[in-house]
Amino acid sequence: MTIEAFAKVNFTLEVFAKRADGYHALRSLVVPIELSDTLTIEFANAITSDLPYADDLCVKAAKVLRSSAPHPERLKGVRISVKKRIPAGGGLGGGSADAAGVLVALNEMWNLRYSPERLAEIGAAVGSDVPALVLSRFAGPVVMEGRGELVRSASLKGAKVFLVIANPGVFCSTPEVFKKCISRVTDDPSILYNMVSSFAAGDVDLMARSFMNDLEHPAVELHPRIGLLKERLEKAGVRGAAMSGSGSTLFGLVRSGEEGRAIAASLCAEGFKAWCVATYCPVV
Ligand code: C5P
């Protein structure tokens, strides 16, 4: 079976107090984008992948899913091949997207018949972003809370915008960025509300003003090049530039694919990695 595994950007990302398990409580609007890895999965003797990482989330996802099954011993192994396009370690959820794709594909191949919600629950044991990326394959943009295990559809099916995403070529360590982040002490529900309602209404001015990420300030402190690229994006005409996840990728709104491709080309000419992408919403 061959499937696409879609990357995400965080349109909002609020960081609350650290929990007893060492993870911070978060609230985020996670939006899938049309930038994907291609997964090819075939039956084999053991569960393996062609990725060179020891902590490969594809293999972990397959193993966690198999052990959740009523009769794991009856399920064949699989060989997973990944054609990578999502840059690794950039805040775009590449590894988690691949894991989510594996869960959805193997649910069919192993004939497990789990619901999207059950698959998202299983995904929480694979990685913090995996539940959101499982549900977003079915529902489009997703509201993620807790450390990532609480996910619900943001009811934004059909909402679509074009983005320029750009990477300054620096590596952000997720634990380091979280360590430097000052958690919110009060809850401001208007952050998520304004983001979701402006996206639903296609109000691009309010959308651009509503993008936010509590991890951006600490990431810029650690890597000033992220701040420079943000200024560069805004100068190029991208609206509301903000960072995704724990960085270092930034994104912002453009009016059309044509405008976005021109801006991305000018950034690439300056040595940044940049793409124009549409947000992804599954066909109902
Ligand atoms: O989710 P992941 O394992 O990639 O997170 C890496 C590290 O980032 C965690 O060990 C933790 O230090 C920090 N983190 C956090 N709160 C979260 C997610 C990650 O503090 N919700």
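**Figure 1. Polar contacts of the ligand with H24 and S128.** In this predicted model, an oxygen atom of the ligand lies 2.7 Å from an N or O atom in the side chain of H24. The side chain of S128 also offers an N or O atom, placed 2.9 Å from an oxygen atom of the ligand. The ligand taken alone exposes 450 Å², and 67% of that area is buried by the protein.

**Figure 2. The shell of residues around the ligand.** The ligand is surrounded by G22, Y23, H24, L26, S128, T174, P175 and F178. By residue class, this shell comprises four nonpolar and four polar residues, with no charged residue. The space that the ligand takes is the largest pocket of the model.

**Figure 3. Elements and domains that supply the ligand shell.** At least two residues of the shell come from strand 2 (24–44), and at least two come from helix 5 (174–180). Helix 5 gives the most, contributing three residues to the shell around the ligand. Both domain 1 (2–153) and domain 2 (162–278) take part, each providing at least three residues of the shell.

**Figure 4. The loop between helix 2 and helix 3.** This view shows N111, found in the loop that runs between helix 2 (94–109) and helix 3 (116–123). The phi angle of N111 is near 55 degrees, a positive value in a residue other than glycine. R113 is likewise placed in the loop between helix 2 and helix 3. For R113, phi is near 60 degrees, again positive in a residue that is not glycine.

**Figure 5. The cis peptide bond between G247 and S248.** The peptide bond leading from G247 to S248 is cis, and its omega angle is near 10 degrees. S248 belongs to the loop that connects strand 9 (239–243) with strand 10 (250–254).

Technical notes
Residues are numbered from 1 along each chain as its sequence is written. This is a predicted model: local features need pLDDT of at least 70, side-chain atom pairs count only at pLDDT 80 or more; totals for chains, interfaces and linings use all residues. Side-chain values use heavy atoms; hydrogens and water are left out. A residue is near a molecule or strand if one of its heavy atoms lies within 4 Å of it. A polar contact is a pair of N or O atoms within 3.5 Å; within protein, one must be able to donate a hydrogen and the other to accept it, and residues adjacent in sequence count only if both atoms are side-chain atoms. Accessible areas come from the Shrake-Rupley method with a 1.4 Å probe; for residues, only the protein chains shown count as cover. On a 1 Å grid over the protein atoms alone, a cavity is a set of points where a 1.4 Å probe fits but cannot get out, and a pocket is an open set with protein on both sides within 12 Å along at least five of seven lines; lining residues have an atom within 4 Å of a point. A molecule sits in a cavity or pocket if more than half of its atoms lie within 2 Å of its grid points. Helices (H or I, at least four residues) and strands (E, at least two) are DSSP runs, numbered from the N terminus. Ala, Val, Leu, Ile, Met, Phe, Trp, Tyr, Cys and Pro count as nonpolar, Asp, Glu, Lys and Arg as charged, and the others, Gly among them, as polar. Domain bounds come from an automatic or database domain assignment.
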